[in-house]
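Work through the following exercises with the sequence and the model side by side. Each task is followed by a solution that proceeds step by step.

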Amino acid sequence: MYAPASAAMAQDSMTLHADLMQLNDTGATGTAEVTVSGTEVTVDIETQGLLAGQPHAQHFHIGGTNTCPDMSAAGDDGRLTTTEGAPSYGPIQTSLTTEGDTSPDSGLAVDRMPAAGDDGSVSYSRTFEVPEDVASSVRAGEAVIVQHGLDYNGNGEYDLDGGGSSELDESLPAEATDPATCGRLMAAPEGGMAAGAGGAAGTDTDMALLAAGTGLVAVAGTVTALGLRRRQNR
């Protein structure tokens, strides 16, 4: 049970926006709007260009430098992993699931994450409660929305052949967990929408941020099973 919001928070409603920009050369872009009222948030996301027919984990990341990473943060393979981006956007604080739990424990509950349509678009809308510290961070412009999941080898599904194993768990494809879009939530200035891409981070990866992937690893089998079902049905 979340603690009740402070009187000041409960009285004020605030709307923030993010422009979701591609990571890992996905070509995906989108917009997000989040309204915070006390500890209740309403999240609306529209994205185009994601991997069609596949679930895309998405979260509020909070911490680090509260920005989106530059691709210079990627390793020698040129692919930016979730952990390599974490010094910029921080660990998962809220899982943007379609139903049920929204805590970091549901980081990759793929059965409750939105799947892209045949045209690669995701349309997401949900209202739910968050802890007061998360609500405060969102209001302060410290939250970054990250959507995950891409297709390195162009075969239309998540598999180990595309980018090998995820750094979070060897049984999980990197394609399922590497970031695809990113945008920082910011209050819109009067008369227009704020850009939400943010800047690059220059700090070293903190291994403790691997804890942000605990929820991702816990449901690695679900991703694998999903891929197997898709191949069997073809």
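**Exercise 1. Find the side chain that shares a polar contact with Arg126, and describe the surroundings of Arg126.**

Solution. Begin with the side chains: those of Arg126 and Thr97 are joined by a polar contact of 2.8 Å, where a polar contact is a pair of N or O atoms within 3.5 Å, one of which, within protein, must be able to donate a hydrogen and the other to accept it, while residues adjacent in sequence count only if both atoms are side-chain atoms. The model is a predicted one, in which local features need pLDDT of at least 70 and side-chain atom pairs count only at pLDDT 80 or more, whereas totals for chains, interfaces and linings use all residues. Residues are numbered from 1 along each chain as its sequence is written, and side-chain values use heavy atoms, with hydrogens and water left out.

Next, place the residue: Arg126 belongs to strand β6, residues 122-129 (helices, H or I, of at least four residues and strands, E, of at least two are DSSP runs, numbered from the N terminus). Then list its neighbours, leaving aside residues up to four places away in sequence: Arg126 touches Val41, Thr42, Val43, Thr97, Thr98, Glu99, Gly100 and Thr102, contact meaning heavy atoms within 4.5 Å.

Finally, consider charge. Arg126 is buried yet has no salt bridge, and the nearest side chain of opposite charge, that of Glu99, is 7.3 Å away. Here buried means under 20% relative accessible area, exposed over 50%, and partly exposed in between, with a 1.4 Å probe and protein chains only; Lys and Arg count as positive and Asp and Glu as negative, while His and the chain ends are not counted; and a salt bridge is a side-chain nitrogen of Lys or Arg within 4 Å of a carboxyl oxygen of Asp or Glu.

**Exercise 2. Which side chains meet in a salt bridge, and how many salt bridges are counted?**

Solution. The count comes to 1 salt bridge. The side chains that meet in it are those of Asp77 and Arg79, at 3.8 Å from N to O. As for exposure, Asp77 is partly exposed at 46% relative accessibility, and Arg79 is also partly exposed, with a relative accessible area of 24%.

**Exercise 3. Locate the disulfide and say which parts of the chain it ties together.**

Solution. A search of the whole structure yields 1 disulfide, defined as a pair of cysteine sulfur atoms within 2.5 Å. The partners are Cys68 and Cys182, with their sulfur atoms 2.1 Å apart, and the link is left-handed, with -95° about the S-S bond. Because Cys68 lies in the loop between β4 (58-62) and α2 (82-89) and Cys182 in strand β10 (residues 179-184), the pair ties together parts that are 114 residues apart in sequence. Both ends can then be checked for burial: Cys68 counts as buried at 6% relative accessibility, and Cys182 counts as buried at 1%.

**Exercise 4. Is helix α2 largely enclosed or open, and why?**

Solution. Of the 8 residues of α2, 7 are buried, so the helix is largely enclosed by the rest of the structure. The buried residues are Thr82, Thr83, Gly85, Ala86, Pro87, Ser88 and Tyr89, and what covers them includes β4, β7 (143-148), α5 (174-177) and β10. After the helix comes Gly90, whose phi is positive, near 80°.

**Exercise 5. Which residues other than glycine have a positive phi, taking Asp25 and Asn66 as cases, and where do they lie?**

Solution. As background, most residues other than glycine have a negative phi. Asp25 nevertheless has a positive phi of about 55°; this residue lies in the loop between β1 (13-22) and β2 (29-37) and counts as exposed at 67% relative accessibility. Asn66 likewise has a positive phi, near 55°, but its place is in the loop between β4 and α2, where Asn66 is buried, with a relative accessible area of 16%.

**Exercise 6. What share of the chain is buried?**

Solution. Buried residues make up 49% of the 234 residues in the chain, which has 7 helices and 11 strands. Among contacts between residues at least 6 apart in sequence, 71% join residues at least 24 apart.
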